[in-house]
Amino acid sequence: MTVRSTELADHRNHIPIDAPSGDQVPVRRRRIRADRIGLYGLLVVAALLALFPLLWMVSGSLQSLDELLAGKSLLPLNPKWGNYVTAWVQGDLGMYLTNSITYTLGAVAGILVASSMAGYALARLDFWGKGIFTFIILAVMIIPAPAMFLAQYRLLTDLGLTNSRLGYVLILITSGIPMGTLIMRSFFASQPKDLEEAAALDGASAVRIFASVILPLAKPGLAAVAVIQGLAAWNEYLMALVLFDDNSLMPIQRGLTSFDSAETPQQQILLAATAISIVPVIVFYLLAQRHIVKGIGAGAIK
Amino acid sequence: MPAQLAPSALRRSFRAPQGRADIRRTLLGLFFLSPAIVLIATFTITPFAQAILLSFQSWDGVSPDTPFVGWANYESVFKNEAFWASMQNVAAFAVVGFFVGNGVAITMAVAVNNVIRGKTFFRTVFYLPGVLSVVVVGLIFTSLFSPQSGTLNRLLDIAGLGTLQQNWLGDPAMALPSVIAVFIWFHWGFGFLLFLAGLQDIPPELYEAADLDGARTWAKFRYITWPQLAPVTTIVSLLTLLAALQVFGTVQVLTNGGPGYHTMVPTLQIYSEAFTNHEYGNAAAMSVVFGGALVLLSLVQLTVSARRSRA
């Protein structure tokens, strides 16, 4: 709908006026056109600045080391696709990417379960302790990572959960719960109550109502939580750095840094590995863009 | 946020449950909350308390002994020059990142909101860096900034600006500005998205009325856009400021705090004090000092914005 109305507006602005009907009109039109060119100029420059490092990475990843170090050309004259094969094999990227996917899926599943349940309780159920628990969930959001990570490391050491997939996923889930709960709480609060009440009159239990009536209707809220927490889990770095010594358990970020430092690969191979590592997240971003934009808005403003 | 808590909800929650129906309702509520509460209690609240405890102990990270040492850790933290240097650096990070990053964000949001074609394209491109991981950003810019073969220096050379060439990450005077520039490139899209969403919520009638009154572009921004965006500006300010103060990965991958301590930031300092120097007690004291300052800052900001929105 918005697209249509802006197209109309666009059309209106471009109606050619051959014979100026008044003194003001052409001057004003010329100013609007100059403004528009300036606006697009600004946007294009910003877009180039945003994209240049990424395009440069792709270009560098397709050059030979000599070409890259000589830096004669910004574009690969003779693309070396083999760099990608070398990067994939030498960098063990298959293993690291599998780890990242496992952690992200585990984290998102856990966050969805815990925050949809908690969000529902806080939005719809009335019970003793609700105010305190709402306060706790809000309050832990302002505890910053720098105050936490050391103690979390120590706790997981005590529990024997360092170098453990379970330990890492539990940390990821916990850090996503407060924001997930807030998003789900405001989502449930905005939904009509009719269906729940009808199901309750039919004698369905609260758990049953939640599972078969509430959750299926909560897909937009769940999607917003899933994409935003999925990105956060995929890109998490600090705890992955602290918790894993064992390469076979590391997510892709750790894999890239250990590829970089331990084996000193040639620069173009490292760039190819970096390029491969961002494929999943770029594809996900382009596909789920709308949800991401909405999720970031919901997470920040709610 | 905490200000949203209605007083009546608080009062109700302090009243003990009475009667069977009440108890059943409470059990049901607790059941739904239990996964969230158990995880938060175990992995957030317990470590938070432990961090405070650990700041009064001495621990090398391995041994089971953690003797209490009183205020010794805090004394050594307050005498630690690297820690205070890191606090100064992060203040520069926060101030520059805040004003430049949010300035770019709001300018671009207004620009994108005013064009007709290509809105989605520009929005997609501008947030794109924000979905990358710090390691990716760090590796790309390490290559771009490299003094000998780096593309940035070569481009300056081609443009005839060879005198501007720098050892971007190695020169003590250039390292911090370079890292801050990367941080802004990486993160300005977040504020941009929120500002853009805020702009799209401003009723178009306001601008139509201003047009009828013959208002200029700047007047429209000053008297319509800026006040209408105030709630978004508040939340973006808080979140971007806190994010800049907690910067870790960007610095760790690009310079690891060097050269010397010229790009050291508190989170990285805490990390190296613990995992490189094995002084976990000192590191915990640092995290209490720095984390406490961050908590205070967000409380102040939240109180101020809650009061302003009520007024």
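Below, a biologist asks about a predicted model and a modeller answers.

Biologist: What should be known about the numbering and the model before we begin?
Modeller: Residues are numbered from 1 along each chain as its sequence is written, while chains are lettered from A and ligands numbered from 1 in the order in which they are written. In this predicted model, local features need pLDDT of at least 70 and side-chain atom pairs count only at pLDDT 80 or more, whereas totals for chains, interfaces and linings use all residues.

Biologist: How many helices and how many strands are there in chain A?
Modeller: Helices here are DSSP runs of H or I with at least four residues, strands are runs of E with at least two, and both are numbered from the N terminus. Counted in that way, chain A has 14 helices and zero strands.

Biologist: What share of the residues of chain A count as buried?
Modeller: A residue is buried if 20 or more other C-beta atoms, placed from the backbone, lie within 10 Å of its own, exposed if 12 or fewer do, and partly exposed in between. Of the 302 residues of chain A, the share that counts as buried is 43%.

Biologist: Which element of chain B gives the most to the side that touches chain A?
Modeller: Two residues are in contact if their C-beta atoms, placed from the backbone, lie within 7 Å, and 80 residues of chain B are in contact with 81 residues of chain A. With 20 residues, the element that gives the most to this side of chain B is helix α2 (residues 19-54).

Biologist: At what angle do the axes of helix α5 (residues 93-124) of chain A and α2(B) cross?
Modeller: Axes are lines fitted to C-alpha atoms, for helices over the stretch in contact, and angles run from 0 to 180 degrees between N-to-C directions. The axes of α5(A) and α2(B) come within 8 Å, and they cross at roughly 135°.

Biologist: How do the residues of the contact of α5(A) with α2(B) divide?
Modeller: The contact includes Val113(A) and Met117(A) of α5(A), and Phe32(B) and Leu33(B) of α2(B). Ala, Val, Leu, Ile, Met, Phe, Trp, Tyr, Cys and Pro count as nonpolar, Asp, Glu, Lys and Arg as charged, and the others, Gly among them, as polar. The residues of this contact divide into 11 nonpolar, two polar and no charged.

Biologist: Why is helix α12 (residues 266-275) of chain B largely enclosed by the rest of the structure?
Modeller: Among the buried residues of α12(B) are Leu268(B), Ile270(B) and Tyr271(B). Helix α12(B) is largely enclosed because, of its 10 residues, the number buried is eight.
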